[in-house]
Amino acid sequence: MSKKLIVANWKMHFSPSQATKHLQRLATRIKPNKKVEVVLCPPFIDIQPMWQRIKNNQFSIGAQDLFYIDEGKYTGEVSGPMLSGMAKYVIIGHSERRIHFNETDEIIARKLAAAVRNEIIPVLCVGENLIERQEGETNRVLADKLFADLIMLTGPEIEKIVICYEPNWSISSGDGHGDIAKPDQIATAIAFLRRSIAELYGKQVGTNIQVLYGGSVNADFSKTYLKIKGLDGFLVGGASLNYEEFSRIVADCQVASKQ
Ligand code: PGA
(Lines give C-alpha, C1' and ligand atoms only; values in the text may rest on other atoms or scores of the structure.)
Protein backbone atom coordinates (compact mmCIF):
# COMPACT_ATOMS: atom_id res chain seq x y z
CA MET A 1 0.00 0.00 0.00
CA SER A 2 1.37 3.42 -0.92
CA LYS A 3 1.95 6.08 1.69
CA LYS A 4 -1.08 8.24 2.49
CA LEU A 5 -0.85 11.97 2.08
CA ILE A 6 -2.85 14.60 3.93
CA VAL A 7 -2.42 18.07 2.51
CA ALA A 8 -3.67 21.00 4.58
CA ASN A 9 -4.54 24.01 2.43
CA TRP A 10 -4.69 26.97 4.79
CA LYS A 11 -5.63 29.28 1.90
CA MET A 12 -5.45 32.98 2.89
CA HIS A 13 -5.46 32.41 6.64
CA PHE A 14 -2.87 32.98 9.40
CA SER A 15 -0.13 35.58 9.81
CA PRO A 16 3.36 34.23 10.65
CA SER A 17 2.68 34.36 14.40
CA GLN A 18 -0.71 32.67 14.01
CA ALA A 19 0.78 30.07 11.68
CA THR A 20 3.61 29.12 14.03
CA LYS A 21 1.15 28.88 16.94
CA HIS A 22 -1.10 26.60 14.89
CA LEU A 23 1.95 24.52 13.97
CA GLN A 24 2.88 24.15 17.65
CA ARG A 25 -0.63 22.97 18.49
CA LEU A 26 -0.55 20.43 15.67
CA ALA A 27 2.92 19.24 16.69
CA THR A 28 1.73 18.30 20.17
CA ARG A 29 -1.29 16.40 18.82
CA ILE A 30 -0.07 14.60 15.70
CA LYS A 31 2.25 11.64 16.17
CA PRO A 32 4.84 11.16 13.41
CA ASN A 33 3.96 8.15 11.30
CA LYS A 34 5.92 6.65 8.41
CA LYS A 35 2.79 5.64 6.50
CA VAL A 36 1.05 9.03 6.62
CA GLU A 37 2.76 12.19 5.44
CA VAL A 38 1.20 15.45 6.61
CA VAL A 39 1.83 18.45 4.36
CA LEU A 40 1.05 21.94 5.62
CA CYS A 41 0.46 24.58 2.93
CA PRO A 42 0.42 28.02 4.52
CA PRO A 43 0.49 31.40 2.72
CA PHE A 44 3.93 32.20 1.26
CA ILE A 45 4.87 34.58 4.07
CA ASP A 46 4.52 31.80 6.68
CA ILE A 47 6.63 29.22 4.88
CA GLN A 48 10.05 30.17 6.19
CA PRO A 49 9.14 30.63 9.89
CA MET A 50 7.28 27.33 9.83
CA TRP A 51 10.06 25.51 8.01
CA GLN A 52 12.52 26.67 10.69
CA ARG A 53 10.33 25.28 13.46
CA ILE A 54 9.43 21.84 12.08
CA LYS A 55 11.39 19.14 13.89
CA ASN A 56 12.24 15.58 12.88
CA ASN A 57 10.31 15.81 9.61
CA GLN A 58 7.05 15.65 11.54
CA PHE A 59 5.43 17.73 8.79
CA SER A 60 6.30 18.65 5.23
CA ILE A 61 5.76 22.12 3.86
CA GLY A 62 3.82 22.86 0.70
CA ALA A 63 3.20 26.13 -1.15
CA GLN A 64 -0.23 27.07 -2.45
CA ASP A 65 1.08 28.25 -5.82
CA LEU A 66 4.25 29.22 -7.68
CA PHE A 67 5.10 31.26 -10.77
CA TYR A 68 6.15 29.48 -13.95
CA ILE A 69 9.29 31.54 -14.59
CA ASP A 70 12.23 31.14 -12.23
CA GLU A 71 13.45 34.74 -11.97
CA GLY A 72 12.80 38.19 -13.43
CA LYS A 73 10.62 41.28 -13.56
CA TYR A 74 7.35 39.79 -12.29
CA THR A 75 6.16 41.98 -9.43
CA GLY A 76 4.50 40.05 -6.66
CA GLU A 77 5.32 36.55 -7.87
CA VAL A 78 7.16 33.76 -6.03
CA SER A 79 9.19 31.23 -8.00
CA GLY A 80 10.28 27.63 -7.71
CA PRO A 81 13.95 28.38 -6.83
CA MET A 82 12.74 30.61 -3.94
CA LEU A 83 10.63 27.79 -2.55
CA SER A 84 12.87 24.83 -3.21
CA GLY A 85 14.58 23.45 -0.13
CA MET A 86 11.66 24.60 2.04
CA ALA A 87 8.56 23.50 0.12
CA LYS A 88 8.49 19.81 -0.75
CA TYR A 89 5.08 20.15 -2.43
CA VAL A 90 3.14 22.85 -4.27
CA ILE A 91 -0.59 22.97 -5.01
CA ILE A 92 -1.22 23.83 -8.66
CA GLY A 93 -4.48 24.43 -10.50
CA HIS A 94 -6.67 24.76 -7.42
CA SER A 95 -10.21 25.67 -8.51
CA GLU A 96 -10.00 28.96 -6.59
CA ARG A 97 -7.00 29.99 -8.70
CA ARG A 98 -8.67 28.81 -11.89
CA ILE A 99 -11.82 30.81 -11.04
CA HIS A 100 -10.61 33.97 -9.23
CA PHE A 101 -7.26 34.42 -11.00
CA ASN A 102 -8.26 33.16 -14.46
CA GLU A 103 -5.61 30.45 -14.50
CA THR A 104 -5.87 28.60 -17.77
CA ASP A 105 -4.72 25.06 -18.48
CA GLU A 106 -1.78 26.55 -20.36
CA ILE A 107 -0.64 28.50 -17.28
CA ILE A 108 -1.16 25.42 -15.13
CA ALA A 109 0.91 23.29 -17.51
CA ARG A 110 3.76 25.81 -17.26
CA LYS A 111 3.50 25.90 -13.46
CA LEU A 112 3.65 22.10 -13.32
CA ALA A 113 6.79 22.16 -15.46
CA ALA A 114 8.32 24.83 -13.18
CA ALA A 115 7.59 22.74 -10.09
CA VAL A 116 9.13 19.59 -11.59
CA ARG A 117 12.15 21.56 -12.86
CA ASN A 118 12.73 22.86 -9.34
CA GLU A 119 12.19 19.45 -7.71
CA ILE A 120 9.00 20.43 -5.92
CA ILE A 121 6.23 17.83 -6.10
CA PRO A 122 3.11 19.33 -7.66
CA VAL A 123 -0.34 18.50 -6.32
CA LEU A 124 -2.44 19.08 -9.43
CA CYS A 125 -6.11 19.82 -8.71
CA VAL A 126 -8.72 18.90 -11.30
CA GLY A 127 -12.48 18.81 -10.99
CA GLU A 128 -15.79 19.77 -12.53
CA ASN A 129 -18.33 22.41 -11.52
CA LEU A 130 -21.95 21.69 -10.63
CA ILE A 131 -23.39 22.44 -14.09
CA GLU A 132 -20.83 20.20 -15.76
CA ARG A 133 -21.73 17.38 -13.36
CA GLN A 134 -25.47 17.86 -13.85
CA GLU A 135 -24.99 17.77 -17.62
CA GLY A 136 -23.05 14.51 -17.44
CA GLU A 137 -19.82 16.20 -18.50
CA THR A 138 -17.66 15.19 -15.53
CA ASN A 139 -15.48 12.66 -17.35
CA ARG A 140 -14.97 14.90 -20.36
CA VAL A 141 -13.93 17.83 -18.13
CA LEU A 142 -11.53 15.68 -16.12
CA ALA A 143 -9.97 14.18 -19.24
CA ASP A 144 -9.61 17.58 -20.95
CA LYS A 145 -7.96 19.13 -17.90
CA LEU A 146 -5.60 16.21 -17.38
CA PHE A 147 -4.56 16.19 -21.00
CA ALA A 148 -4.00 19.96 -21.20
CA ASP A 149 -2.36 20.35 -17.79
CA LEU A 150 0.10 17.46 -18.11
CA ILE A 151 1.19 18.25 -21.65
CA MET A 152 4.67 19.50 -20.73
CA LEU A 153 5.59 16.51 -18.54
CA THR A 154 6.91 13.06 -19.42
CA GLY A 155 5.44 9.75 -18.17
CA PRO A 156 8.20 9.20 -15.55
CA GLU A 157 7.68 12.79 -14.29
CA ILE A 158 3.92 12.30 -14.10
CA GLU A 159 4.32 9.14 -12.04
CA LYS A 160 5.89 11.25 -9.27
CA ILE A 161 3.29 14.02 -9.12
CA VAL A 162 0.10 13.99 -7.05
CA ILE A 163 -3.37 14.44 -8.52
CA CYS A 164 -6.25 15.74 -6.44
CA TYR A 165 -9.85 15.23 -7.52
CA GLU A 166 -11.46 18.46 -6.40
CA PRO A 167 -15.06 18.95 -7.56
CA ASN A 168 -15.66 22.62 -6.90
CA TRP A 169 -19.36 22.09 -6.09
CA SER A 170 -18.23 20.21 -3.01
CA ILE A 171 -15.66 22.72 -1.69
CA SER A 172 -16.37 24.38 1.65
CA SER A 173 -19.72 22.58 1.94
CA GLY A 174 -18.91 20.76 5.18
CA ASP A 175 -20.57 23.54 7.16
CA GLY A 176 -23.98 22.45 5.88
CA HIS A 177 -24.05 24.74 2.80
CA GLY A 178 -23.98 23.21 -0.63
CA ASP A 179 -23.49 19.62 -1.70
CA ILE A 180 -21.03 17.12 -0.37
CA ALA A 181 -19.53 14.55 -2.71
CA LYS A 182 -20.68 11.01 -1.97
CA PRO A 183 -18.12 8.21 -1.67
CA ASP A 184 -19.36 6.51 -4.84
CA GLN A 185 -19.05 9.77 -6.82
CA ILE A 186 -15.49 10.19 -5.58
CA ALA A 187 -14.63 6.54 -6.27
CA THR A 188 -15.96 6.80 -9.84
CA ALA A 189 -14.00 9.99 -10.55
CA ILE A 190 -10.78 8.61 -9.06
CA ALA A 191 -11.07 5.40 -11.09
CA PHE A 192 -11.65 7.51 -14.22
CA LEU A 193 -8.60 9.68 -13.50
CA ARG A 194 -6.39 6.60 -13.02
CA ARG A 195 -7.76 5.01 -16.20
CA SER A 196 -7.18 8.18 -18.22
CA ILE A 197 -3.62 8.48 -16.97
CA ALA A 198 -3.02 4.80 -17.74
CA GLU A 199 -4.29 5.32 -21.30
CA LEU A 200 -2.09 8.37 -21.83
CA TYR A 201 1.08 7.36 -20.01
CA GLY A 202 0.90 3.61 -19.40
CA LYS A 203 -0.64 1.25 -16.87
CA GLN A 204 2.16 1.58 -14.34
CA VAL A 205 1.79 5.37 -14.14
CA GLY A 206 -1.99 5.04 -13.73
CA THR A 207 -1.52 2.58 -10.87
CA ASN A 208 1.36 4.27 -9.07
CA ILE A 209 0.33 7.92 -9.20
CA GLN A 210 -1.02 9.24 -5.90
CA VAL A 211 -4.61 10.45 -6.11
CA LEU A 212 -6.22 12.52 -3.35
CA TYR A 213 -9.69 13.87 -2.78
CA GLY A 214 -10.41 17.48 -1.77
CA GLY A 215 -13.76 19.04 -0.96
CA SER A 216 -15.29 19.49 2.51
CA VAL A 217 -13.23 16.73 4.10
CA ASN A 218 -13.82 16.93 7.84
CA ALA A 219 -13.53 14.66 10.85
CA ASP A 220 -17.11 13.42 10.38
CA PHE A 221 -16.52 12.04 6.88
CA SER A 222 -12.84 11.16 6.84
CA LYS A 223 -13.31 7.57 8.08
CA THR A 224 -15.89 6.84 5.39
CA TYR A 225 -13.84 8.48 2.65
CA LEU A 226 -10.75 6.52 3.65
CA LYS A 227 -12.50 3.31 2.51
CA ILE A 228 -12.70 4.57 -1.09
CA LYS A 229 -10.72 2.34 -3.44
CA GLY A 230 -7.77 4.03 -5.11
CA LEU A 231 -7.77 7.03 -2.76
CA ASP A 232 -4.37 7.93 -1.30
CA GLY A 233 -5.34 10.79 0.98
CA PHE A 234 -6.95 14.21 1.23
CA LEU A 235 -6.59 17.88 0.48
CA VAL A 236 -8.21 19.53 3.48
CA GLY A 237 -9.22 23.20 3.40
CA GLY A 238 -11.53 24.61 6.09
CA ALA A 239 -11.11 21.72 8.54
CA SER A 240 -7.32 22.17 8.54
CA LEU A 241 -7.74 25.56 10.24
CA ASN A 242 -9.12 23.81 13.32
CA TYR A 243 -6.20 22.01 14.98
CA GLU A 244 -8.39 19.57 16.96
CA GLU A 245 -10.38 18.54 13.91
CA PHE A 246 -7.37 18.31 11.59
CA SER A 247 -5.52 16.16 14.13
CA ARG A 248 -8.53 13.81 14.23
CA ILE A 249 -8.48 13.48 10.43
CA VAL A 250 -4.77 12.62 10.53
CA ALA A 251 -5.36 10.11 13.34
CA ASP A 252 -8.14 8.42 11.30
CA CYS A 253 -5.76 8.16 8.39
CA GLN A 254 -3.04 6.66 10.57
CA VAL A 255 -5.45 4.04 11.89
CA ALA A 256 -6.69 3.23 8.36
CA SER A 257 -3.14 2.84 7.06
CA LYS A 258 -2.49 0.11 9.67
CA GLN A 259 -5.47 -1.98 8.53
P1 PGA B 1 -12.55 22.62 1.83
O2 PGA B 1 -11.46 22.99 0.71
O3 PGA B 1 -12.00 21.44 2.57
O4 PGA B 1 -12.67 23.87 2.67
O5 PGA B 1 -13.81 22.29 1.11
C6 PGA B 1 -11.01 21.98 -0.13
C7 PGA B 1 -10.13 22.49 -1.21
O8 PGA B 1 -9.56 23.57 -1.08
O9 PGA B 1 -9.97 21.80 -2.24
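I count a residue as buried under 20% relative accessible area, exposed over 50% and partly exposed in between, using a 1.4 Å probe and protein chains only. On that basis, 52% of the 259 residues of the protein chain are buried.

Notes on the source: this is a predicted model, where local features need pLDDT of at least 70, side-chain atom pairs count only at pLDDT 80 or more, and totals for chains, interfaces and linings use all residues. Numbering runs from 1 along each chain as its sequence is written, and side-chain values use heavy atoms, with hydrogens and water left out.

Overall shape next. I looked up the radius of gyration (over C-alpha atoms; the globule rule is 2.2 Å times the number of residues to the power 0.38). The protein chain has 17 Å, which agrees with the value near 18 Å for a compact globule of 259 residues. Its C-alpha trace spans about 45 × 45 × 35 Å along the principal axes.

Then contacts, meaning heavy atoms within 4.5 Å. Of those in the protein chain with a separation of 6 or more, 72% join residues 24 or more positions apart.

For secondary structure I used DSSP runs numbered from the N terminus: helices are H or I with at least four residues, strands E with at least two. I get 12 helices and eight strands.

I picked helix 9, residues 183-201. Its 19 residues should span 27 Å at 1.5 Å a residue (times one less than the number of residues), and its end C-alpha atoms are 27 Å apart, which agrees. Its buried residues include Ile186, Ile190, Leu193 and Ile197, and Arg194 is buried too. Just after helix 9, Gly202 has a positive phi of about 105°.
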